Amino acid sequence: MINGNSVILQLGKETTYGTKATGTEQIKISSESFKEVYNKIDEGLATGGRGSGLKATMGIGVEFSFSTLFRPDFGNILKGALGVSAYTSGKHTFTCIESAENKHLPAWTFYVDRKVGKFAYTGCKIGSLTLSASAGNYLTCDVSGNGKLEETVSSLATLTPSTLRAFKFAQAKVYSKAKNAETRTELADVTNLSIEINNNLDAQTQTTSTGNHYKEPEVGTREITATVDMIYSVSAETARNAFYKSDDTLSIEAEFISDETFGDNNTPYSLKIKLPCVQCSDATANMGGLDTLSQNMVFNVADNLTDELIEIELINNKTGAY
């Protein structure tokens, strides 16, 4: 029997889509699901007997997901989910790549060592990234997407996981800024925060040039959602009235500042997630038991064709863009 604690996950950025890249980063994970998916179809015709007929493979692809804790040097995950990275004055900035024929999300080769078998999954693109943190816990990171092919490999690169500590909920602040407001304000007493980026990948397009496989997955209409739980209070009710009971837009910022620092100036590692234009689609504060009343608010990113859909700033000790 193989214990889950012994599983290793590595990734490497591909230069050419679907062409295996060497692993350059190893990530500690709590779970993984990498699998090759065979689309097997039967003829759908009468067999003249007592059951259905044989099936044949019509398409082969890869589906994957994994869960981990988000650390200050996980810029590759942000680059994989958003597509654009820049580095200026010690700060990494990640934004959404445009939808154009010559612009693509980066593709990755993921390596999974399950001891009994070692596998490479090529052409993997991130379809969904969720960052969430709740009181008394870490900032968790859930990633899923699609790839091209599963290959058996004999060995993985010799790598070690990041030694940096993951961000914690206690290091977080959530801010909002109403339309036309000059300054941002802290958004009540937040107890839980989740930001989901869904790229809606088109990963099932098959043509006469792809054979049993599919075209390179491309970004569809992005959906970005922030869900915030907070203690129900006067400030929470004020936020509900201001944001839910109108169709006005606002901006949301979530900021994590680590206790760990780097460099001669003791710069703290930090992560800032900016949603410049959102609308509140739900705000609920009902009694469900004898616990402290809480309010749940859901914010959806709207494309105003001016601001970025999302802008993530990461400060760490890596120089140069991802």
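Cys 96 counts as buried, with a relative accessibility of 12%. The model in which Cys 96 sits is predicted, and a search of the whole structure finds zero disulfides. In overall terms, the protein has 322 residues, 43% of which count as buried, and its secondary structure comes to two helices and 18 strands.

**Cysteines**
- Cys 96 takes part in no disulfide, and the nearest cysteine sulfur, that of Cys 277, lies 13 Å away. A disulfide requires the two sulfur atoms to be within 2.5 Å, so this pair does not qualify.
- Cys 124 is likewise in no disulfide, its nearest cysteine sulfur being that of Cys 141 at 15 Å.
- Cys 124 has a relative accessibility of 0% and therefore counts as buried, the cut-off being under 20%.

**Fold and extent**
- Along the principal axes, the C-alpha atoms of the protein fill a box of roughly 70 × 55 × 45 Å.
- Among contacts in the protein with a separation of 6 or more, 69% are accounted for by residues 24 or more positions apart.

**Surface and charge**
- The protein has an accessible surface of about 16,700 Å², and carbon and sulfur atoms contribute 46% of that area.
- The charged side chains comprise 29 positive and 38 negative ones.
- The centres of the positive and negative sets lie 5 Å apart.

Terms used. Residues are numbered from 1 along each chain as its sequence is written. This is a predicted model: local features need pLDDT of at least 70, side-chain atom pairs count only at pLDDT 80 or more; totals for chains, interfaces and linings use all residues. Side-chain values use heavy atoms; hydrogens and water are left out. Helices (H or I, at least four residues) and strands (E, at least two) are DSSP runs, numbered from the N terminus. Buried means under 20% relative accessible area, exposed over 50%, partly exposed in between (1.4 Å probe, protein chains only). Contact means heavy atoms within 4.5 Å. Accessible areas come from the Shrake-Rupley method with a 1.4 Å probe; for residues, only the protein chains shown count as cover. Lys and Arg count as positive and Asp and Glu as negative; His and the chain ends are not counted. The place of a charge is taken as NZ of Lys, CZ of Arg, CG of Asp or CD of Glu.
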